[in-house]
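Trainee: I am new to this structure. Please pick one part, look at it closely, and then show me what lies elsewhere in the chain.

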Amino acid sequence: MRRNDDVTFTSSALKIPPFLHHQTKPSLPFFAQLAQTKLSFLHSLLTRARFPNSPLLCSASLSLTRPSSPGSGPKSLPVLCSASLSLSNYQLGDSTQNDSVVAQQKSGGASGVHGPSRYDEERVLISEVLVRNKDGEELERKDLEAEALAALKACRANSALTVREVQEDVHRVISSGYFCSCMPVAVDTRDGIRLVFQVEPNQEFHGLVCEGASVLPTKFLQDAFRGGYGKVVNIKHLDEVISSINGWYMERGLFGMVSNAEILSGGIIRLEVAEAEVNDISIRFLDRKTGEPTKGKTKPETILRQLTTKKGQVYSMLQGKRDVDTVLTMGIMEDVSFIPQPAGDTGKVDLIMNVVERPNGGFSAGGGISSGITSGPLSGLIGSFAYSHRNVFGRNQKLNISLERGQIDSIFRINYTDPWIEGDDKRTSRTVMVQNSRTPGNLVHGNQPGNDSLTIGRVIAGIEFSRPLRPKWSGTVGLIFQHAGARGVNGNPMIKDHYSSPLTASGKFHDDMLLAKFESVYTGSGDHGSSMFVFNMEQGLPLWPEWLFFNRVNTRARKGIEIGPALCLLSLSGGHVMGNFSPHEAFAIGGTNSVRGYEEGAVGSGRSYAVGSGEISFPVLGPVEGVVFADYGTDLGSGPTVPGDPAGARLKPGSGYGYGFGIRVDSPLGPLRLEYAFNDSHTKRFHFGVGHRN
């Protein structure tokens with residue numbers, strides 16, 4: 001069988017570049033900010049670096065000539081059409097070049113004619129279409145032959161084809177992803193012209209080499225290529241795998257991506273991954289007013305140790321954002337931002353953290369309401385005056401000196417906190433406190449004759465250590481000494497109240513105790529409606545014979561459930577005391593933060609207690625919310641076990657419930673609460689508070 005000398009299709013081999021020609025520049029939001037900083041390294045990541053040695057993607061040509069006829073002269077043998085197709089050299093990130101097709105048409109001796117020639121539309125009748133290997137033999141794998149035939153759209157048996165249609169089908173065969181070359185060849189047979197697509201399949205996949213991926217999990221790569229072992233490499237699938245790898249980096253905010261991919265001899269796929277490691281991290285202080293660099297008061301190492309981003313790590317924008325939030329929670333910065341810059345031509349990144357310091361501290365004044373006042377909200381008003389310093393010695397250490405004063409309440413407190421003890425890798429904080437307070441004793445020992453009130457004076461000194469235990473969990477341990485006693489309205493020490501109930505456990509004017517404290521706290525998102533759990537235990541240590549020996553456990557839990565625009569909040573608290581403890585330390589039940597509808601402590605005073613509450617809040621107008629609620633509390637029958645049974649002497653019921661409605665308004669002081677409640681004794685009562693319920 002001879003070749004037809006008048007109708008020929010020829011094509012050069014098609015080689016696969018490192019990436020599919022149709023792959024376009026990735027849309028990576030986390031690179032956008034860095035592109036604005038004109039980082040050369042990130043620019044190379046964004047453009048995915050050119051491949052200067054990329055081979056020619058495709059070159060195909062079709063020439064058609066009219067058969068000579070007897071007696072015809074040269075003028076009767078014109079060239080009907082001569083056309084060629086070429087795809088430009090592959091350049092990653094430029095889809096316009098990737099898909100460009102340069103067509104050159106010639107008619108006679110003319111060249112350079114722009115636009116399609118009329119000869120492009122000349123059609124040649126094809127009687128048969130076959131797919132063969134590059135030697136013209138049948139393919140060993142019939143599935144690949146089927147893939148090639150399925151890719152053909154125009155080239156079918158008994159069809160009249162143009163140059164353009166043949167070129168487009170060549171492109172479709174290559175685009176199927178299974179073949180690295182495709183050459184159309186026309187053969188004249190006695191039945192007509194046979195069009196043979198000579199293809200060269202890709203190699204079978206037998207191994208993977210990945211270079212430069214220090215954070216990409218091996219299992220991720222294994223899973224991505226697991227189904228391809230022993231199969232012919234499909235470039236489209238390879239492109240999808242590369243996209244999934246780049247997506248893995250994007251989802252984690254990591255500066256990394258596949259920069260090169262090629263198929264080596266033996267069916268080995270070689271991937272090169274570019275990851276931007278952190279070369280250096282520095283702190284730059286900016287002036288609050290001008291924004292110009294200035295000298296800061298905070299020691300740089302105090303800020304740097306807060307960062308989880310370290311030198312040598314692949315830079316992650318998500319991790320960087322968390323670091324920014326962590327620095328802001330220190331309370332000494334007004335603004336914090338990360339600026340990445342290229343570290344020369346090393347392919348690494350230098351990070352500059354711009355920080356704007358807040359004023360270190362000063363004097364302040366405020367106010368509040370005491371929860372221990374039962375004779376009305378106005379008599380419970382408290383004024384406060386404080387001095388604070390947020391950044392002692394430039395190490396983020398806090399000093400707070402405050403004085404709160406009301407008609408009955410009086411608290412003088414000194415706190416010194418080191419949020420992170422130097423040299424500790426567990427982020428342990430230390431707080432030293434001294435406090436002298438006088439608070440109402442009405443919660444347990446109310447209803448004195450003539451509405452006279454007694455007060456509980458406490459002198460407290462202690463030290464506490466806190467650290468994060470795991471995500472959303474924190475723990476605190478401490479050692480606290482307390483010297484406490486009761487005083488009457490005239491300021492004289494008291495041992496018993498009007499009902500002859502003892503006011504101290506030791507029988508003296510004061511009780512002394514050394515408390516070992518342990519507390520564990522779980523917090524969800526930190527919002528009022530998020531989940532919360534607190535476990536607190538205090539153990540009295542009788543290092544001195546007169547010191548009290550007891551154990552007190554207290555727990556609180558809260559769960560928020562969103563119901564459309566409304567928020568349902570469920571809370572439960574409870575506790576128990578074992579041993580010898582001061583009567584004024586009994587659990588008081590009833591009041592604004594307990595069972596609403598009752599006065600403070602009016603439900604009971606017990607050695608044990610349990611209080612449950614449910615409320616639904618809903619938006620009303622702007623910062624105003626409406627709320628409906630129901631509370632229940634009980635001393636679990638433990639009132640008589642408190643020394644002197646102060647609850648029984650005052651005929652407290654020991655259990656009760658309340659329900660009602662109210663409004664809440666956001667304010668600079670916190671949420672202002674005004675609630676109207678009914679209790680099970682059909683008594684009505686207003687409650688006013690600042691802040692959320694405990």
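Mentor: What follows starts with the whole chain, moves to one pocket, and ends with other sites.

The model is predicted, so local features need pLDDT of at least 70 and side-chain atom pairs count only at pLDDT 80 or more, while totals for chains, interfaces and linings use all residues. Residues are numbered from 1 along each chain as its sequence is written, and side-chain values use heavy atoms, without hydrogens or water.

The chain has 694 residues, and 45% of them are buried. Buried means under 20% relative accessible area, exposed means over 50%, and partly exposed lies in between, with a 1.4 Å probe and protein chains only. The chain holds 11 helices and 33 strands. These are DSSP runs, numbered from the N terminus: H or I of at least four residues for helices, E of at least two for strands. The accessible surface is about 34600 Å², and carbon and sulfur atoms hold 55% of it. Such areas come from the Shrake-Rupley method with a 1.4 Å probe, and for residues only the protein chains shown count as cover. Take contacts between residues at least 6 apart in sequence: 59% of them join residues at least 24 apart. A contact means heavy atoms within 4.5 Å.

Now the pocket. Rolling a probe the size of a water molecule over the atoms shows where empty space is left. The second largest pocket has a volume of about 650 Å³. Its lining counts 20 residues, and Q306, T326, T329, R427 and P468 are the closest to its centre. A pocket is found on a 1 Å grid over the protein atoms alone: an open set of points where a 1.4 Å probe fits, with protein on both sides within 12 Å along at least five of seven lines. Lining residues have an atom within 4 Å of a point. Grid points are joined across faces, edges and corners, and the volume is the space filled by probe spheres set on them.

Which elements build the lining? Helix α9 (317-328) and strands β20 (455-470) and β21 (473-487) each supply at least two residues. The largest share, four residues, comes from β20. By class, the lining has six nonpolar, seven polar and seven charged residues. Ala, Val, Leu, Ile, Met, Phe, Trp, Tyr, Cys and Pro count as nonpolar; Asp, Glu, Lys and Arg as charged; the others, Gly among them, as polar.

Look at R427 again. It sits in the loop between β18 and β19. Its relative accessible area is 30%, so R427 is partly exposed. Most residues other than glycine have a negative phi. The phi of R427 is positive, near 60 degrees.

W420 lies in the loop between β18 (410-418) and β19 (429-440). W420 is buried, because its relative accessible area is 9%. Beyond its neighbours within four places in sequence, W420 contacts R305, Q306, R427, T428 and S429. Q306 and R427 are also among the residues closest to the pocket centre. W420 and R305 are 115 residues apart in sequence, yet 9.4 Å apart from C-alpha to C-alpha.

Next, the packing elsewhere. The largest nonpolar core has 23 residues, and V173 and F197 touch the most other members. Such a core is a set of buried Ala, Val, Leu, Ile, Met, Phe, Trp, Tyr and Cys residues joined through side-chain atoms within 4.5 Å. F197 touches M183, among others. A second, separate core has 20 residues, including F255, I303, M333 and F338.

M183 is in strand β7. Its relative accessibility is 30%, so M183 counts as partly exposed.

Last, two sites further along. H576 lies in strand β26 (566-579). H576 is partly exposed because its relative accessibility is 34%. Its C-alpha is 5.7 Å from that of R607, 31 residues away in sequence. D645 sits in the loop between β30 (624-634) and α11 (646-649). D645 is not a glycine, and its phi is positive, about 45 degrees.
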